[in-house]
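Me: I am new to this structure and would like a close look at a single part of it. Could you take me through the charged side chains slowly, with their surroundings?

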Amino acid sequence: MSYAQTALDQLEKGQLDDFKKQYALALRHDDDDTLFSLAEELYSLGFLNQSRRIYEKLLTKYPDEDELRTNLADIAIDEDKNDEALDYLNQVRPDSPAYVQALMVAADLYQTQELFEVSEQKLLTARKLAPNEPVITFALAELYFTMREFRKAIPLYLELITAGTTTLSRVNLVERLGVAYANAGRFEQAIGYLKQIHPGDMTADVKFETAFTYLQLQERPAAIHLFDELKDSDPHYTSLYPYLGQALEAENRLPEALTTLQEGLGVDQYNEKLWLQAAHVATKLDDEELAERYLKKGHDLDADDLSAVIQLSNLYVKQERWDENLALVQPYLKDEGADPQLFWNLAVTAQHQENYAQARQAYDATAPFFMDQPDFLKPAIYFYREEGANEQARKLLQAYVQLVPDDAEMAALWDRYQDEN
């Protein structure tokens with residue numbers, strides 16, 4: 001038995017002192033092929049220093065063996081010694097048998113530095129030199145997956161699966177392809193692959209993607225089932241709560257939707273979107289007090305989120321809390337391009353507060369955006385008539401009767417306008 005094998009046996013037994021002794025003897029007495037195999041085994045076990053010493057010794061003896069340089073570069077990358085890794089890789093010439101491997105290692109290095117375009121070029125060069133090497137195809141697909149360039153990743157995963165490769169580096173390629181299709185918005189194709197994954201083999205991320213895909217396909221019961229499973233197994237998977245709440249709401253299971261969103265807030269209390277979604281469901285359940293509390297929470301977390309301001313303003317208008325609404329919306333109306341809904345709410349508020357000049361300005365600012373909204377047009381028409389702005393009233397009335405031709409009262413008013421003209 002070689003000293004290398006004895007060293008590995010001692011390592012497996014946890015006898016580190018004996019391992020060190022046998023390792024030292026292996027360095028002195030074992031043949032080079034045995035040492036190379038030992039270095040590979042030690043690297044896979046995470047013993048980088050010991051692996052590096054062997055490769056360095058062998059490189060001194062075999063300076064033309066570029067595979068040793070790529071292996072040393074791998075170790076340097078693992079140790080965050082990127083400059084050292086590049087030094088080794090740059091010594092590998094394009095005519096070297098190890099050049100493709102050097103390109104792969106360089107791509108890995110640049111990917112860790114988030115220099116994705118450089119990494120892509122290295123892999124494309126490697127693929128051109130070795131077009132039938134599945135490891136290169138897989139590496140390029142994984143790079144595109146990391147870059148969220150899913151449309152580029154899909155044909156590469158398909159190429160591997162079509163050739164009979166369904167698993168590489170412990171990655172399920174069918175799973176990857178399904179997730180890539182889902183993220184590319186191709187949900188019909190995605191679910192075809194995701195359904196092939198055994199439920200027991202699904203990671204939390206894949207279970208989420210599968211449930212999300214069912215939701216996009218309007219298969220809400222299946223989506224709810226998977227989201228519930230994910231929630232039970234990993235309640236801190238915060239991304240699931242908005243979508244599970246959405247699915248339950250769409251199924252008109254409003255109490256369950258609200259409970260789900262409240263559970264989500266229990267693990268993600270700084271998610272303003274979740275507060276607003278919960279407020280929306282509370283409103284549908286006619287719990288305006290709860291809705292207001294949630295809206296204020298969301299608004300406090302992000303005062304620049306206009307959706308919270310608009311929903312809260314809508315609630316104040318509905319409850320005729322004019323002073324509170326005015327205080328809420330006025331700061332946001334100073335911005336150029338402020339949301340028209342806020343001007344609409346200001347118009348109604350100012351009108352009820354008998355501030356007709358302010359109401360007129362707000363209606364004027366709002367009208368161009370709501371010419372297709374009967375709920376806006378009808379009260380605005382009456383306001384303009386009362387203000388003597390007959391031309392503006394006539395313009396809005398014309399739009400209204402086209403939208404609601406069976407409103408007899410407004411049709412009669414339109415006839416009077418026509419007779420007057």
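Reply: What follows is a walk through some charged residues, beginning with one helix and its surroundings.

The model is a predicted one, and a search of the whole structure finds 22 salt bridges in it. A good place to begin is Asp66, which is found in helix H5 and whose side chain meets that of Arg69 in a salt bridge, with 2.8 Å from N to O. Both residues lie in helix H5, three residues apart, which is about one turn of the helix. An α-helix has 3.6 residues a turn, so residues three or four places apart point the same way. Asp66 and Arg69 are both buried; for Asp66 the relative accessible area is 10%, and because buried means under 20%, this residue falls in that class. Leaving aside its neighbours within four places in sequence, Asp66 is in contact with Gln91, Val92, Arg93, Ser96 and Ala98.

The residue just before it in numbering, Glu65, is found in the loop between helix H4 (48-61) and helix H5 (66-78), and at 43% relative accessibility Glu65 counts as partly exposed. Glu65 also belongs to a patch of negative charge on the surface, where it gathers with Glu40, Glu41, Asp64 and Glu67.

Other salt bridges can be set beside the one in helix H5. Glu324 and Arg321 meet through their side chains in a salt bridge of 2.8 Å, N to O, and Glu324 counts as partly exposed, at 37% relative accessibility. Salt bridges that share partners also join Arg52, Glu56, Glu79 and Lys81 into one network.

A further pair is formed by Glu263 and Lys231, whose closest N and O atoms are 3.2 Å apart. Glu263 lies in helix H16 (residues 254-267) and Lys231 in helix H14 (residues 220-233), so this salt bridge ties together parts that are 32 residues apart in sequence. The two partners are covered to unlike degrees, since Glu263 is partly exposed with a relative accessible area of 34%, whereas Lys231, at 15% relative accessibility, counts as buried.

Finally, Glu175 offers another buried acidic residue to look at: it lies in helix H11 (residues 173-183) and has a relative accessible area of 10%. Apart from its neighbours within four places in sequence, Glu175 is in contact with Leu194, Ile197, Asp201, Thr203 and Val206.

Definitions and conventions
Residues numbered from 1 in each chain as written. Predicted model: local features only at pLDDT ≥ 70, side-chain atom pairs only at ≥ 80, totals over all residues. Heavy atoms only, no water. Patch = residues over 30% accessible without salt bridge, like charges linked within 9 Å, V, L, I, M, F, W, Y side chains within 5 Å. Areas by Shrake-Rupley, 256 points an atom, 1.4 Å probe, with all protein chains shown as cover. Salt bridge = Lys/Arg side-chain N within 4 Å of Asp/Glu carboxyl O. Lys, Arg positive; Asp, Glu negative; His and termini not counted. Charge placed at Lys NZ, Arg CZ, Asp CG, Glu CD. Helix = DSSP H or I, 4+ residues; strand = E, 2+ residues; numbered from the N terminus. Buried < 20%, exposed > 50% of the residue type's maximum accessible area, 1.4 Å probe, protein only. Contact = heavy atoms within 4.5 Å.
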